[in-house]
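The exercises below are meant to be worked with the sequence and the model side by side. Each one sets a task and then gives a solution in steps.

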Amino acid sequence: MAEQRGTVGGPVLTEWFATADLHKLDVYEALGGYSALRKVVTGMTAVQVIDEVKVSGLRGRGGADFPTATKWSFVPKDHPGPKFIVVNADESEPGSAKDRYLLENSPHMLVEGAAIATFAIGGHDAWVYIRGEYDLPFEMLRDAIAEARTKGYLGARPFGADYPLDVHLYRGHGAYICGEETALLESLEGKRAQPRSRPPFPAVKGAWGLPTAVNNVETLATVPWIIRHSGAEYATRGTEKAKGTRMVTVSGDVQKPGNYEIEIGVTYRHIIEELAGGALPGRKLKVFWPGGSSAKVLPASMLDTSTDLDGLKALGTMGGSGGIIVMDDSHCIVKGAARLLRFYAHESCGKCTPCRVGGNWAVRTYDRILAGEGSQLDLNILDRVQQGLQAGRCLCGLGDAAGWVIQSTMTHFRNEYEEHSLHNTCSVEKVAVGA
Amino acid sequence: MSALSEHVIGEIKELPGKYPQPRSAVMPALDLAQEELGHLTQEAMTQVAEALQLDPGYVEGVATFYTLFHLEPVGKHRFYVCTNLSCMLRGSESIIERLKVAIGVTEAGEVSKDGMFSYEEVECLGACEYAPVCRLDHRYEKDLTETKIDQLVNDRRLPRRYQKHATAAPATRKPAAPATRKPAARRTTRSTRTKKADG
């Protein structure tokens, strides 16, 4: 059984996580697992499945927050050839570990969800693109798929129905950019992972040039529950527009880091202070990233912000992939931002100039500032670079995300930037040294 | 040894049939090659290209893009240490310093004299609730401390029958080939990240 550091026995996704050996098919099935897939292939039409998910209000949990049923309905129904569900299991957003948590606890949940989604778009095959570093989740998924095939739940006649369904695995090899759906598709096709320009969208021309819907692990893992209980019941949770529950990963300077299942709409204070135990002894929270490193930071004074996805968008940030990174008053924001910029520069695929050049430019500027060689000029450079990275100048969001890190940390912590750049001091780290 | 065995080439030729289009086989093929040789030599990449009927430059282009493909010799046990923000906040810098001392190297990518170890700083491994973390021998090592680093290294220095972690290794066809030290000659390709970032 997987080691668990997070919610066990939550309302939806982690409902069965207290049960030992949940990764085994018979255990999963005894609790009600695969009843949704059985119901779908033996008694529902594709349109009915999409409608049920539409009622649930489920939105993509990979970061883009797009309505899942709508995405499925974009896949042309009358396309004569193969169509695919591609599962994005390339979880690489700094601060996000929830897909790994779900896979290590309940791989069958994803297998079942992926099969249902494949049925819903009128396809027969799902491809799971899983990041190469995830050895254990890969092995567990591989074994789960093998079990499901042996049982006859996947294959030529799942549950006796005349509708072939199968799930396949493809391993990534270490590239953050593969979390972006079109880069992921390129990678799946055996190419360097560089985002495509859209249109055409994957729904029309996706994997191997065929209609494809790309869904995140958590999104698909939610689908069996919706089919078992009804979309309406799922929609009773959450806020008016952002329905249901979701996983968040809390990491950094908190007492109980972990993966927690939350009802959308609870506050960050609830998550960080109650679920994750709050700040470490003797320290104070300073800032948090509300949805992965790519979400604009919020200072600790905004802990009462709701996890409502639309509310976060209104604030200019996002719930993203649910990775909440918490930093306390013993850590320097300039160093933190510099580390993230190194990440974005390293992971830039090199296709779009602003991201390829801007990221490295920012890294060199941060290096100067942290080496005590900064000046007002460097602050101006950072400001220009962050503007240049943003506003859709790149094919994918990586460039924007790098810009947001600079912009949001500079907005809220201008004083720390100025201390470093203009006075060559860091009051924060001095505190840390004394502590 | 820098070339692939007939057996592996045979396996690689089987791969394209498993995918809707044959080109998807390139990464699984490079995986097999790397598993046999420890790292991807120029010769091996050419052999992969021939087996898949692709251009050798294309195959190398794919290999250099992804961080899990190694174009230089690596240690038999390779530490992939996360130094991204969540791990940094939890002390990954001191983990790296300790690791360098424990395996006796001065920089990332350098292989220890006995060929046993090397390390690499990597981006987020997606196990942030256990920060600081590293990937070692196909498993994650969590809640790292300096003591734990020493243990991980020492365990692997023992004769195999005493190793606590002997079972954690994946089912490989053969024991991994000991990494031969090959300094200087291919130094330029090690920083694939620079190549990538600079386009």
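The domain bounds used here come from an automatic or database domain assignment, and the model to which they are applied is a predicted one.

**Exercise 1.** State how chain A is divided into domains, and describe how domain 1 and domain 2 of chain A are placed and joined.

*Solution.* Begin with the bounds: chain A consists of domain 1 (25-235), domain 2 (245-328) and domain 3 (333-434). Next take the centres over C-alpha atoms, which for domain 1 of chain A and domain 2 of chain A are separated by 27 Å. Then turn to the contact itself, in which 14 residues of domain 1 of chain A meet 18 residues of domain 2 of chain A. On the domain 1 side, the largest share, 3 residues, is supplied by helix H5 (residues 98-105) of chain A, and that side as a whole divides into 4 nonpolar, 4 polar and 6 charged residues.

**Exercise 2.** Describe how E5(A) and E6(A) are arranged, and decide whether E6(A) is mostly covered or mostly open.

*Solution.* The two strands, E5 (245-252) and E6 (258-263) of chain A, pair in the antiparallel sense over 6 bridges. They form a hairpin, with 5 residues lying between E5(A) and E6(A). As one example of the pairing, A:Val250 has A:Gly258 in E6(A) as its bridge partner. For the last step, count the buried residues of E6(A): they are 5 of its 6, and the strand is mostly covered.

**Exercise 3.** Which elements of chain A supply at least two residues each to the side that touches chain B, and what is the make-up of that side?

*Solution.* The contact draws 48 residues from chain A and 35 residues from chain B. Helix H7 (135-151), strands E5, E6 and E9 (323-328), and helices H13 (333-347) and H14 (353-370) of chain A each supply at least two residues, with H13(A) giving the largest share, 7 residues. Sorted by type, the chain A side holds 15 nonpolar, 21 polar and 12 charged residues.

**Exercise 4.** Locate the residues with the most contacts inside the largest nonpolar core, and follow the contacts of A:Leu341.

*Solution.* The largest nonpolar core has 188 residues, and A:Val87 and A:Leu341 are those with the most contacts inside it. Setting aside neighbours within four places in sequence, A:Leu341 is in contact with A:Gly359, A:Ala362, A:Val363, A:Tyr366, A:Ala402, A:Val405 and A:Ile406.

**Exercise 5.** Give the domains of chain B and the distance between their C-alpha centres.

*Solution.* The assignment yields domain 1 (6-65) and domain 2 (77-162) of chain B, whose C-alpha centres lie 29 Å apart.

Methods:
Residues are numbered from 1 along each chain as its sequence is written. Chains are lettered from A and ligands numbered from 1 in the order in which they are written. This is a predicted model: local features need pLDDT of at least 70, side-chain atom pairs count only at pLDDT 80 or more; totals for chains, interfaces and linings use all residues. Two residues are in contact if their C-beta atoms, placed from the backbone, lie within 7 Å. Helices (H or I, at least four residues) and strands (E, at least two) are DSSP runs, numbered from the N terminus. Ala, Val, Leu, Ile, Met, Phe, Trp, Tyr, Cys and Pro count as nonpolar, Asp, Glu, Lys and Arg as charged, and the others, Gly among them, as polar. A nonpolar core is a set of buried Ala, Val, Leu, Ile, Met, Phe, Trp, Tyr and Cys residues joined through C-beta atoms within 7 Å. A residue is buried if 20 or more other C-beta atoms lie within 10 Å of its own, exposed if 12 or fewer, and partly exposed in between; C-beta atoms are placed from the backbone. Two strands pair if DSSP finds at least two bridges between them.
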